[in-house]
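User: Could you take a close look at a single part of this model for me? Once that's done, I'd like to hear how things look in the rest of the chain.

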Amino acid sequence: MSKKEGTPLKAFKAESKRLLELMINSIYTHKEIFLRELISNASDAMDKLYYKSMSENLGLSRGEFEITIHPDKKERTLTITDNGIGMTKDELEKNLGVIAQSGTLRFRDDLNKSAETPEDLSVIGQFGVGFYSAFMVAKKVIVKSKQYGVDEAFIWSSEGADGYTVEPCEPESHGTSITLFIKENADDERYDEFLEQYRIKNLITKYSDYIRYPIKMEMTSSKLKEETAESDNPEYEDTVEVKTLNSMVPIWKKNKSELKNEDYHDFYKAKFMDYTEPHSVIHDKTEGGATYSALMFIPKKAPFDYYTKEYEKGLQLYSSGVMIMEKCSDLLPDHFSFVRGLVDSEDLSLNISREMLQHDRQLKVIAKSIERSIRSELKKMLRSEREKYVEFWGAFGTQVKFGVYNGFGQNNDALKDLLVFHSSSENALTTLDEYVTRMKENQEAIYYAAGDTIQRIDSLPQVETLKDKGFEILYLTENVDEFCLQMLAQYGKDDESAKPFKSIQSADVDVADESEKDEIKKINDDSKALLDVMKEALGDKIADVKVSKRLKTHPVCLTSSGLLTTQMEKVLSAMPTDNKAKADKVLEINSGHPIFEKLQFLYDNDKEKLGVYADILYNQALLIEGMPVENPAEFAQKMCGLMI
Ligand code: ADP
Ligand code: MG
C-alpha cells in the first residue's frame, strides 16, 4: 500500500502541521494513549452510523458494530478497523488534514438541523487532536475508509509533517481501518510492545474497557494437545481464538437496582487492587448542574502510605466511558482524600490536558457536587449506622479532623457535624450536636480534656470535680484533636447559642459557683506570700502558682493560662518543626488536701524545703499530664531525699 508514483503530496494546514510535529516529538509522556484515541474515534464513528440508522430507518442494529485490532509483528503494523460510518474522500482530507475542525462537532450540528434529532448525542466526542497521536508511535499511518452508502473507498496516507496523499482504492465494506507502521525501537523508547497481544490487551482493559462496542482481537494461546496429554512427552500447540477484550458496559452506568453489593465489591477489588471489601459504596448519577456518574468507595483500612507524602489522592476521570486521567486530584478535597473511585462525565472533552482541567469550570462544579455527596453519605451513616461510622472513623477520622484544622475555618461548616469524640458520660463516641443537647442549663462551654489514652484522661485531677458536678467532658486522644477544636472555636445550632470549646486543662475554666469563687479568692489572697516563694523556686518553668478548688482528691494539677495548652505543647514538641512553643503553665494546689497544710508549715519553718516541695509537686503534675519530667535524675534525688 505504498504511495503510488504520481499521487500528489498535499501539505497539511499550518496548525495541523504544527500539531503533528508536536505529536511526532511526543507531547504526551504516555504514548500508549494513542490506542485509546483511535478506539474512541472508531467508537464515535459507530455511534454516528447507529444514530444515522435510527433517524433514517436504515435498520442497523447495535450488535452489528465492532472494532477489531490486528497486530502484525512481521510487517510491524497495527491495524484498527471499525464498521462505523466511514469517511468520504472529502472528509478524509478535512477531518484528518485540519485540526480544530472536529468532524464530530460538525456532525452534531448537521443532525441538530434535521427535524428528527436522535436522543443522546452526548456520547460523541466534541473536539480534539486525538487522531494525530498515532504519530507518536508510527512512522507512517494509512487510513482506508469507505463511507456508509457510498460506493467509493479511499486511502489517506502520511509519513509525518511533510504532507499526505489521498487516492482511491478497492471498496470493501463500510467503515475505516487505520494501519500504523510502528516506529523502530530507539535508545530508551520501546515501540515493539505495541505489537504484543498481551500489551494491547492490557491497554484496552486499562483505557477502553467500557467502550460500548466489542473490541476484538485474535489471541494466541498455547494449548495441550489432547492426544499427548497422557503420554510422557505432552505436546503443546498454538491455538488462535478471537477474543473480546473489553467488558463494554460500565458498572457505573447501570442502575443501582440492577446491582448487588457483590457486584460493587468485585469491581472495587479488581479495579483498585484491594483484597478487602470496601467499607462503603457511593454510586451517584446526576443531571442538572453537572451531568456525571460517579462510583466511589471508602476503603475499610487506610493504605499503608496514607498518612505520608507518597499517598496521591484522586479519582479516575472518564469522558463518556473513556478514561482520560488516572488520578484527578482536583475532584477530591483533602479531607476526603481516602475516597477511591471514578467519575464519568459527558461534559468533559477527551483531550483536555491536566493544566486545562484545573481551570475547567465544569470540573469544579462536579468536584463540589462530589464533595457534597460524600459528606451526605457519611452523615447518613453517622445517623443510622453508628457502628459502621465508628469503624470508618477509626480508619479516617484523623484525616477529617486535619481537614478542619488545615482549612483555617473554611471547612468548619462542612465538617463539624462529622466529628465524633469520646464522651465521659456516654463512654462512647459522640457528636457535638449530641453533646450540646445534653448540656446542663447555663453551661458556658463545651468541655474537653486531652491526653494519651481515655484511661489517662479519665484519671486526670481536673476531670474528677467536673464529672462530680455532672458536666460531660470530651476526651481527646489524638494529636490533632485539640488543634481541630480550637479551629472550630465554638459549636451550636446558631451563632447566638453556640458555646465555646474549653480545655479543662486550662486555668480559666471555672465551674465553681459564686460562694466557692469568693472562698478561693480569699485563700489565694491569704496565701500570697507562700505562693510567691513557690513561684520563685520554680522560676520560668511556670507562669503562676495558685490555690484551687477544682481538685478533689488530688494534691496538684497543671493547667495553662494561654491558648496553647500543655497537651498542645506536647504535640508541637514532638513534631519535626522549629515551633517549640511552650504553654504558660499554672501549678494549681488543692486547698483541701493535707499537702496544703504541710506547705503552710514549711513556709513558717523551712523556706528552702518549701522550694524543694514546689519542684517535686510541679514534676508530679507534669507526670499526671503525661509530660516528661524535666530532669528525671534530679527529681529522683529530691524524692529520695524526702524518703530517708
Ligand atoms: P475528534 O475525535 O475529537 O473529533 P480526532 O483527531 O480524534 O478528533 O479525529 C478527527 C476526526 O476524524 C473525527 O472527528 C472524525 O470525523 C474523523 N475520524 C477519525 N477516526 C475516524 C474513524 N475511525 N471513522 C470515521 N471518522 C473518523
Ligand atoms: Mg478523537
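Analyst: **Strand 11 and beyond**

Let's zoom in on strand 11 (residues 315–319): this strand is mostly covered, with five of its five residues buried. Keep in mind that we're looking at a predicted model.

Who sits alongside? Strand 11 and strand 12 (residues 322–328) run antiparallel, with four bridges between them. For a concrete register, find Leu-315 and look across to Cys-328 in strand 12. The two strands make a hairpin with two residues between them, and there Ser-320 has a positive phi near 50°. Background for that: most residues other than glycine have a negative phi.

Strand 11 has another partner, strand 13 (residues 340–345); this time the two run parallel, and again four bridges do the joining. The register here can be read from Tyr-318, which stands opposite Asp-344 in strand 13. So strand 11 is antiparallel to strand 12 and parallel to strand 13, while its own five residues are buried.

Since Ser-320 has come up, two other backbone oddities deserve a look. Arg-76 has phi near 55°, a positive value in a residue that isn't glycine. You'll find Arg-76 in the loop between strand 1 (67–72) and strand 2 (77–82). Is Arg-76 buried or exposed? Its relative accessible area is 16%, and the cut-off for buried is under 20%, so Arg-76 counts as buried.

Phe-408 is the other one: not a glycine, yet its phi is positive at about 45°. Phe-408 lies in the loop between helix 9 (386–406) and helix 10 (412–415). Here the relative accessibility is 66%, and anything over 50% is exposed, so Phe-408 goes down as exposed. In short, both Arg-76 and Phe-408 have a positive phi, but Arg-76 is buried whereas Phe-408 is exposed.

One more loop residue is worth a stop. Ser-208 sits between helix 5 (197–207) and strand 7 (215–224), and Ser-208 counts as buried because its relative accessibility is 2%. Leaving aside residues up to four places away in sequence, Ser-208 touches Arg-36, Ile-39, Leu-203, Ile-215 and Asn-246. The chain clearly comes back on itself here: Leu-35 is 173 residues away from Ser-208 along the chain, with 8.8 Å between their C-alpha atoms.

Now move along to the open sheet, where six strands line up as 15-14-17-16-19-18 with mixed pairing. Strand 15 (429–431) and strand 18 (490–491) are its edges, each pairing on one side only. Further in, strand 16 (residues 446–450) and strand 19 (residues 499–503) are parallel over three bridges, and the bridge partner of Tyr-447 is Lys-502 in strand 19.

Strand 16 also helps to cover helix 13: the cover over the buried residues of that helix includes strand 16, helix 12 (454–458), strand 17 (473–476), strand 21 (556–560) and helix 19 (607–624). Which residues of helix 13 (residues 461–468) are buried? They're Pro-461, Gln-462, Val-463, Thr-465 and Leu-466. Just past the end of helix 13, Gly-470 takes a positive phi of about 90°.

Helix 19, part of that cover, is where Leu-622 is placed. With a relative accessible area of 2%, Leu-622 is buried. Apart from residues up to four places away in sequence, Leu-622 touches Leu-558, Lys-585, Met-627, Pro-628, Val-629 and Glu-630. For a sense of span, try Leu-622 and Val-143: they're 479 residues apart along the chain, with 80 Å between their C-alpha atoms.

Stepping back to the whole protein, that span goes with a C-alpha box of roughly 120 × 65 × 60 Å along the principal axes. The radius of gyration is 36 Å, against near 26 Å for a compact globule of 644 residues. In all there are 20 helices and 22 strands, and 50% of the 644 residues count as buried. Among contacts with a separation of 6 or more, 68% come from residues 24 or more positions apart. The accessible surface is about 32,300 Å², with 48% of it belonging to carbon and sulfur atoms. As for charge, there are 85 positives and 112 negatives, and their mean positions are 2 Å apart.

Technical notes:
Residues numbered from 1 in each chain as written. Chains lettered and ligands numbered in written order. Predicted model: local features only at pLDDT ≥ 70, side-chain atom pairs only at ≥ 80, totals over all residues. Heavy atoms only, no water. Rg over C-alpha atoms; globule rule 2.2 N^0.38 Å. Buried < 20%, exposed > 50% of the residue type's maximum accessible area, 1.4 Å probe, protein only. Contact = heavy atoms within 4.5 Å. Areas by Shrake-Rupley, 256 points an atom, 1.4 Å probe, with all protein chains shown as cover. Lys, Arg positive; Asp, Glu negative; His and termini not counted. Charge placed at Lys NZ, Arg CZ, Asp CG, Glu CD. Pairing = 2+ DSSP bridges.
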